[in-house]
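Good morning, colleagues. Please take a moment to look at the sequence and the structure before I begin.

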Amino acid sequence: MIWDTAGQERYRTITTAYYRGAMGFILMYDITNEESFNAVQDWSTQIKTYSWDNAQVLLVGNKCDMEDERVVSGDRGRQLSEHLGFEFFEASAKDNINVKQTFERLVDIICEKMSESLDAGDPAVTGAKQGPQLTEQPAPPHQDCAC
């Protein structure tokens, strides 16, 4: 599932509920809007506070087709992404630049993290301590059955 809250404050109360189950986030700002770029740090804090520890995040500067109206340089976006520990892309939804690549990269890093967690036996991913596990041999029949 993909949820798009458009970063609007009015959705903040419900977005935190969706964070808990999310495996990945695309944190996007508008390269023509300084205010949206300045909000990235706050949204990043929200993600880190309310999401799964292994949730993966990409930082994306959108509207790269609007170079004449750019107010946030690519270098500033890259620096912020490095500071936050996120991968960085610039994209244009309007001109379909890096849209598919962004989503594919997010899926790739989620799968990589899940694979690492499975290899390490992480109970959050493997389901350990969450009830009976499947085995290759069936359990013996109950001997105290009255039928």
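**A sheet and its helices**

Let me start with one pair of residues: Leu59 stands opposite Phe88, which lies in strand β3. Please keep in mind throughout that this is a predicted model.

That pair belongs to a longer pairing. Strand β2, residues 56–62, and strand β3 run in the parallel sense and are joined over five bridges. Another residue to note is Asn62, whose bridge partner in β3 is Ala91. In general terms, strands of a sheet pair through backbone hydrogen bonds, either parallel or antiparallel.

How is β3 covered? Strand β3 spans residues 87–91, and four of its five residues are buried. As for the path of the chain, it crosses from β2 to β3 through helix α4, residues 74–84, and this β-α-β crossover is right-handed.

I now turn to the whole sheet. The sheet is open and has three strands in the order β1-β2-β3, with parallel pairing. Its edge strands are β1, residues 24–30, and β3, each of which pairs on one side only. On average, and ignoring direction, neighbouring strands of this sheet are turned by 25° against each other.

Which helices pack on this sheet? One of them is helix α3, residues 40–50, which touches β1 and β2. The direction of α3 makes about 165° with that of β1. Helix α4 also packs on the sheet, touching β1, β2 and β3. The direction of α4 makes about 150° with that of β3.

My last topic is helix α5, which covers residues 99–120. Why does its length agree with expectation? At 1.5 Å a residue, its 22 residues should span 32 Å, and the end C-alpha atoms of α5 are indeed 32 Å apart, so the two values agree.

In α5, the buried residues include Thr102, Leu106, Ile109, Ile110 and Ser117. These five residues cover an arc of only 100° around the axis, and therefore they lie on the same side of α5. As a general point, an α-helix has 3.6 residues a turn, so residues three or four places apart point the same way. On the face of α5 turned away from its buried side we find the exposed residues Lys100 and Asp119. Finally, α5 is followed by Gly121, which has a positive phi, near 75°.

Thank you for your attention.

Key:
Residues numbered from 1 in each chain as written. Predicted model: local features only at pLDDT ≥ 70, side-chain atom pairs only at ≥ 80, totals over all residues. Heavy atoms only, no water. Buried < 20%, exposed > 50% of the residue type's maximum accessible area, 1.4 Å probe, protein only. Helix = DSSP H or I, 4+ residues; strand = E, 2+ residues; numbered from the N terminus. Pairing = 2+ DSSP bridges. Right-handed = clockwise from strand over helix to strand, strands pointing away. Axes fitted to C-alpha atoms, helices over the stretch in contact; angles between N-to-C directions. Contact = heavy atoms within 4.5 Å. Expected span 1.5 Å × (residues − 1). Arc of directions from axis to C-beta.
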